[in-house]
Amino acid sequence: MLLATTIIAAPGASFANGIDVSKWSPEYVRSIAGTADFDTAAECAKVVPSDYKGRLSYWYVGPTQAQPEIDHKIDAEFWAAWKKAYPNIQTDAQSLDYNDMLNKVRTAALGNAAPMVAKFPILWGVEFAAKGQLHELKPEDVGYKSSDFWPGAMKSVTYEGKTYGIPTNNETMGFIWNAKIFADAGLDPEKPPATWDDVVQYSKQIKDKLGIYGYGLVARQNAGNTPFRYMPQLWSYGGGALDETSDAPTYKKVELNNAGSKAALQAAYDMYVRDKSVPASALTNTQNENQNPFIAGQLAMMIAHPAEYAKMVDLASKATGADKATADAVVKNMRYGLLPAGPARRAVVFGGSNVHIFAPELVDGGLDLEAAKAFICFSTGPEWSTKLAWTGSNPGHLDGFTTKWMKERLDTIKFLDVTTSMLPSGIPFPVIPEQAEIMNIIVPDMLQNALTGKMTVDQAADDAAQKVEDLISGM
């Protein structure tokens, strides 16, 4: 099922390889895939000669055991290709655990033992830029143009007017539902809820008629899954943490207690407290805890990446007996659509990762800038920004959408075209050093305060807004 969405490009905006993002839709994404060829090694040799001798240290979050085997295969292929392209650059690459990396990098930077290059989730870089710990870096430094990347992605690497990184991949999520559960509950099995008010209604109808949970609410404290799944709802109602939804945000106006933010919080309260149509464990759930009830046919709707389909196929392959039949039926009835809209907009978190260079004085052994540039050119171009994003993301470089590898992804990853079509609706989190505390602590705490009855919806929103106000004012 294909659901189209479009955006209007900024006046005068130019994009990579003639791509017209005003036409962005599942059909358009498919039409441009496989229409261009790129020679990564040759292009990067124009930036840094292929016989350059140097050294590189690089930290990133590599594939984990929970990820599909193809992610491990492509990671290995990348390192083999990098070594072939630049055989004389001695490379020390460290794959770190996501939950440990941020603190390790903080400690390393304070001890002048940082890597030359690090790939961070989109939320992290601004903290280091604000501390003066990053070397300025823009696409033009490695042979690309800023217009080769999504404007929202470039916003995420810009702090106080200076650019400190290059997008490696960008991701948005889709809305997933079980068509059979919809049909059994009297809903149209081939249509997702159009609005967030519909989500509340559908979730209640499913719970009332079938006795199973409707929506996979995620509200765990200090967990990134929570804002990535709650903020789209809040933005859609017209809310915000700050003014991040505006075209020219100042990141000074607090909006967590405006009417839209309170309406979104009320909707979550209605599902959890009033209707009891979401799992009681939502207060401690991440997205991982939604997977088992979904594959068991006990959860109807959730927000997730395109890789969720592959995960469900994997879970079904491991099921046995009656569970196997149920799981296979869930996979067969799994559908993807755009995230619901709200009174203000359709929204999704503009996620992904960016690559950064640390300031020379913080790097263990000093910075080899040419080696760093060669590596960043190689890894952020159309080829590898597409391949390394294989199962769960999208290329950071817009030309990646025109490659044969994007076509292969679209042909082999079910529903990828739908989640990719959400990119124009993406909103980055506020690009300020305090964003991690706002999104991972204050927003989940607001949810917890309202859903547990510790505070009313209005009180929880007002409390959260005051905490953000105090945080950004330095009180």
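Trainee: What makes strand 8 (residues 174-178) and strand 10 a pair, and in which sense do they run?

Mentor: Two strands pair if DSSP finds at least two bridges between them. Strand 8 and strand 10 have four bridges, in the antiparallel sense. They therefore count as a pair. One bridge joins Ile176 to Met302 of strand 10. This is a predicted model, where local features need pLDDT of at least 70, side-chain atom pairs count only at pLDDT 80 or more, and totals for chains, interfaces and linings use all residues. Residues are numbered from 1 along each chain as its sequence is written, and side-chain values use heavy atoms, with hydrogens and water left out.

Trainee: How do you know that strand 9 (residues 213-215) pairs with strand 10?

Mentor: DSSP bridges again. Strand 9 and strand 10 share two, in the parallel sense. Tyr215 stands opposite Met301 in strand 10.

Trainee: Why is strand 10 (residues 299-304) called mostly covered?

Mentor: Six of its six residues are buried. Buried means under 20% relative accessible area, exposed over 50%, partly exposed in between (1.4 Å probe, protein chains only).

Trainee: What makes Ile441 buried, exposed or partly exposed?

Mentor: Ile441 has 31% relative accessibility, so it counts as partly exposed. Its place is in helix 18. Leaving aside neighbours within four places in sequence, Ile441 is in contact (heavy atoms within 4.5 Å) with Asn222 and Ala436.

Trainee: Which residues touch the most other members of the largest nonpolar core?

Mentor: Trp24, Val117, Tyr215, Tyr230, Met231, Met301 and Phe358, in a core of 155 residues. Helix 18 (residues 435-451) gives the largest share, eight residues. Such a core is a set of buried Ala, Val, Leu, Ile, Met, Phe, Trp, Tyr and Cys residues joined through side-chain atoms within 4.5 Å.

Trainee: Why are helix 18 and helix 19 (residues 457-473) described as roughly parallel or roughly antiparallel?

Mentor: Their angle is about 160°, with axes 8 Å apart. Angles run from 0 to 180 degrees between N-to-C directions, and axes are lines fitted to C-alpha atoms over the stretch in contact. Under 35 degrees is roughly parallel, over 145 roughly antiparallel, 65 to 115 roughly perpendicular, the rest oblique. Helix 18 and helix 19 are therefore roughly antiparallel. Their contact includes Ile438 and Met446 of helix 18 and Ala464 and Leu471 of helix 19.

Trainee: What makes helix 11 (residues 288-295) and helix 12 (residues 307-318) oblique?

Mentor: Helix 11 and helix 12 pack at about 55°, with axes 11 Å apart. That angle falls in none of the named ranges, so the pair is oblique. Among the residues in contact are Phe294 of helix 11 and Leu315 of helix 12.
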